[in-house]
Amino acid sequence: MVETIRVTSEAMAAETIASAYAQGRSVEIAGRGSKWPFGRPIHTDMRLETTGLAGITLYEPAELVMRAGAGTPLEEIEAALAANGQMLAFEPRDLGGLLGTTEGTQSIGGVVATNLAGPRRCVAGAVRDHVLGLRAVNGRGEVFKTGGRVVKNVTGYDLCKLLTGSFGTLAVFTEVTFKVLPAPETEETVVLHGVDAETAVRLMGRALGSAADISGAAWMPAALAEGGDRAFLRLEGFGPSVKARRRYLMETIVGGTVEATVVEAEESHSLWRNIRDVRVFHGRWGQVVWKLAVRPSDAPALLQRLGEQTDGEAFIDGGGAFLWLSLPCPGDAPAGLIRGLLPDGGHATLVAGPEAERAAQAVFQPLPAPLAALEARVKASFDPKSILNPGRMA
Amino acid sequence: MRMPTPDPLALGQYRQLIEGLRAIVPGEGVIVDERELAAYESDGLTAYRQLPMVVVLPETTEQVAAILRLCRDLSVKVVPRGGGTSLSGGALPVADGIVLGMSRFNQVLEVDYLNRTARVQPGVTNLGITRAVEAHGFYYAPDPSSQIACTIGGNVAENSGGVHCLKYGMTTNNVLGVVLVTIDGDVVHLGGSALDSPGYDLVGLVVGSEGLLGVVTEVTVRILPKPETARAVLVGFPTNAAAADAVAAIIGSGIIPAGMEMMDRPAIHAAEDFIGAGYPRDAEALLIIELDGPEVEVNHLIERVVAVVEQRQAGSIKVSTSEEQRLAFWAGRKAAFPAVGRISPDYYCMDGTIPRARLPEVLDGIAAFSRKYDLKVANVFHAGDGNLHPLILYDANQPGQLEAAEAFGADILRMCVKVGGVLTGEHGVGVEKRDLMNDQFDEVDLDQQRRVKDAFDPSGLFNPGKMFPLLSACAEQGRMHVSGGATRFPNIPRF
């Protein structure tokens, strides 16, 4: 068991990293530990935990802004927002069930570090689109800030974007400031029955490009959705608007030939929660789960190739932007095979799998040489001795 | 404006540079004639002018890569330039460098309606993207006021905004990918039409980097379906505080308007005198609240907005019932800058952002500075997102007024930072606010940014003298000055 230091102040975080820097000791950065099995397994000399940097320090609902310590529980943040009819619009995924950790134990710092947005990603943006400001400690043990608390800000480089999704390899977040938005007054889901992936992606694309203004678009094959292939289109917003857009969606986009039903309120909410958390793949012992990102219109053909060349199961999220793939038997379909099936511009991330698999395969899509060299220089500009989560993003 | 001291070594290699560039870009793409160079000597920040050594206008990514390798080998600085409309001097040339003009990269390469993306060259204008897709019912959302002339490449460099940022985001939220050429001539594809690309978010870093990291030769943007309907509400208030309170109440009630603009009394009167938009002259503050989306939704929200403002001392409330009326509501706001230009020989436009709730005290503070410097000021405000544009009125022919206006402006920006805001919301730092960066960031913050710059451009050849304070900063600072109403781009509306 490596030494764990639970920091309770920004100064303590800085001191801890500064001394690790001086001694050349590598540090694993941890929040509440819900996503530790995501990324390449790493072995470090010590571990820094941010749970002591907890608490909402600023929340102004009318300004649509919140600030919290990096170790603040996500549940606390979401509860405070819900009490004011607001939300994190990027719909953070909870992968606890998929990763075999514990659901409901994320920290806001971990959410930002992994840039994991949910089904609303395709219209509301990723985590990176909602982070307004950060305070952090770089790999030299220096405290720096970037961004601010206002949405319109072009002062200096936007390091918030760079740091979001950096998996703790550039800096230790101590405080996060983010944009919040009004939660929808109501929601419902139009379910299309018996549509194949190709038809579904076409209809979802048309709906996303229309006044239907849908905020979720997923497709499940019969094996994953009880009772046949199904597409799910989510409508959110003000009551009269949702009603009008449902009519438009049914009449103009879907048309009369497809069987469609509507799922309302709570039921719709839990349906999307399940999609968000990739629940259909929970509890599959020994599986490897991949997230594939492609141009939406490339999704059906990719799905077909995966069906022909692997014995995995997959579903579509983000209107076709993402495929979630579960492979039953590690080693059967190595990263090279999966990535070889991708269309131009697509990329694949091994999100969940046994440690041996994550150690043996490239978890993140390998980058072309000049880009990899540039990223290495960027990494070094924050963490010159490569002591922060070294190898996690390999 | 002080710029880094020209490097005699670079200047001494003039002939080699010209010959090298001519070998890369044939024909008229290499400009050396002083009269022709003059067209590139400044940008939208006209107070500062500098002829570059040469202007080169490449047409292909390969040419850009070869030019950058040549400049690296000769240690010649590179100032990238799009439409040249920057208000912060982002495209101001340097004496010992080239201007790399991207105007020939003017093609829309691919529009993909099913996936809602467009792949364009950086020299396409912002409005040009919308023009290319509007027949299919789509548009490109960020709409800086210079959109008829500014290019998407420049928008990427400056992370340009517009009046609809609260609902639709800035450039950074609407760009999916770029092709970037590094100082070593490497061509890297960052992001793309597949979301959340692997590795670090270098797209997010490059957007808003003010031409200091590389040259963008291709941009993939998100396009959106054009909203079915837009309607606006025009409301007068007896005090600035009442208007600010109404803005907070609207957003607090769960409504995100497409645009929400505020004008103070001097701005209302200047606009009213200029075009007679029908604004209430007795109001201290005016709000234009625009809602867009499906017709049912817009009508529903208009009622709710009216109910909210009625409870907040609204003096007069008008709701647009036709597209003409909606545009008429906007006409005065869009004419605010030229209207102020009419009543003052010169004006100077500022661009800070503040937390919205601090608006009344910031306006009081600006009024106090106005008395201190004995200069009038009119305020227009993107109230939805907190971006404030004070217009300081002065006369450059009166000794001392220019300096007073600049000191006034710097005081306003420092106050923006003090109340929790930032130096610039959408115009960029450039040369204009370079030396105020220490008011927002400490040395550790700036050193981290400098190290990121070094990761891309270790010799500091891209756009030197911009964004970062010079080591021995001098007090003099550049500004967007408008003299006698004559801006460099008289046909571009500014708001």
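**Chain B sheet.** I began with the open sheet of chain B in this predicted model. I traced five strands in the order S5-S6-S10-S8-S9, with antiparallel pairing. Which strands sit at the edges? I found strand S5 (108–112) and strand S9 (187–191) of chain B there, each pairing on one side only. For the twist, I get 15° on average between neighbouring strands of this sheet, direction ignored.

I then looked at one edge pair up close. S5(B) and strand S6 (residues 117–120) of chain B run antiparallel and are joined by four bridges. I noted one partner in the register: B:Val111 is bridged to B:Ala118 in S6(B).

**Chain A sheet.** Next I went to chain A, where five strands form an open sheet in the order S4-S5-S9-S7-S8, with antiparallel pairing. I wanted to know why strand S4 (56–60) and strand S8 (143–147) of chain A each have one side left without a neighbour in the sheet. They stand at the edges and each has a single partner strand, so that side stays free of a sheet neighbour. The average twist I have for this sheet is 15° from one strand to the next.

Inside the sheet I checked strand S7 (residues 131–138) against strand S9 (residues 171–179) of chain A, and they pair in the antiparallel sense over seven bridges. Here A:Gly133 stands opposite A:Thr177 in S9(A). I also looked for what packs on the sheet, and found helix H2 (residues 74–83) of chain A touching S4, strand S5 (65–69) and S9 of chain A. The direction of that helix makes about 25° with that of S4(A).

**Helix pair in chain B.** Back in chain B, I compared helix H2 (residues 14–24) with helix H4 (residues 61–74): their axes come within 10 Å and cross at roughly 165°. An angle over 145° counts as roughly antiparallel, so that is what I call H2(B) and H4(B). I logged their crossing as right-handed.

Which residues meet? From H2(B) I listed B:Gln16, B:Leu17, B:Gly20, B:Leu21 and B:Ile24, and from H4(B) B:Gln63, B:Ala66, B:Ile67, B:Leu70, B:Cys71 and B:Leu74. I sorted the residues of this contact into eight nonpolar, three polar and no charged.

**Between the chains.** Last, I looked up the A–B contact, which takes 72 residues from chain A and 84 residues from chain B. How much area is buried between chain A and chain B? I have about 6600 Å², with carbon and sulfur atoms giving 60% of it. On the chain A side, I picked out A:Lys152, A:Val154 and A:Tyr157: they supply 15% of the area that chain A buries against chain B, more than any other three residues.

How values were computed:
Residues numbered from 1 in each chain as written. Chains lettered and ligands numbered in written order. Predicted model: local features only at pLDDT ≥ 70, side-chain atom pairs only at ≥ 80, totals over all residues. Heavy atoms only, no water. Axes fitted to C-alpha atoms, helices over the stretch in contact; angles between N-to-C directions. Helix = DSSP H or I, 4+ residues; strand = E, 2+ residues; numbered from the N terminus. Parallel < 35°, antiparallel > 145°, perpendicular 65-115°, else oblique. Left-handed = near helix turned anticlockwise from the far one by under 90°. Contact = heavy atoms within 4.5 Å. Nonpolar A, V, L, I, M, F, W, Y, C, P; charged D, E, K, R; others polar. Pairing = 2+ DSSP bridges. Buried area = accessible area lost by both parts, 1.4 Å probe.
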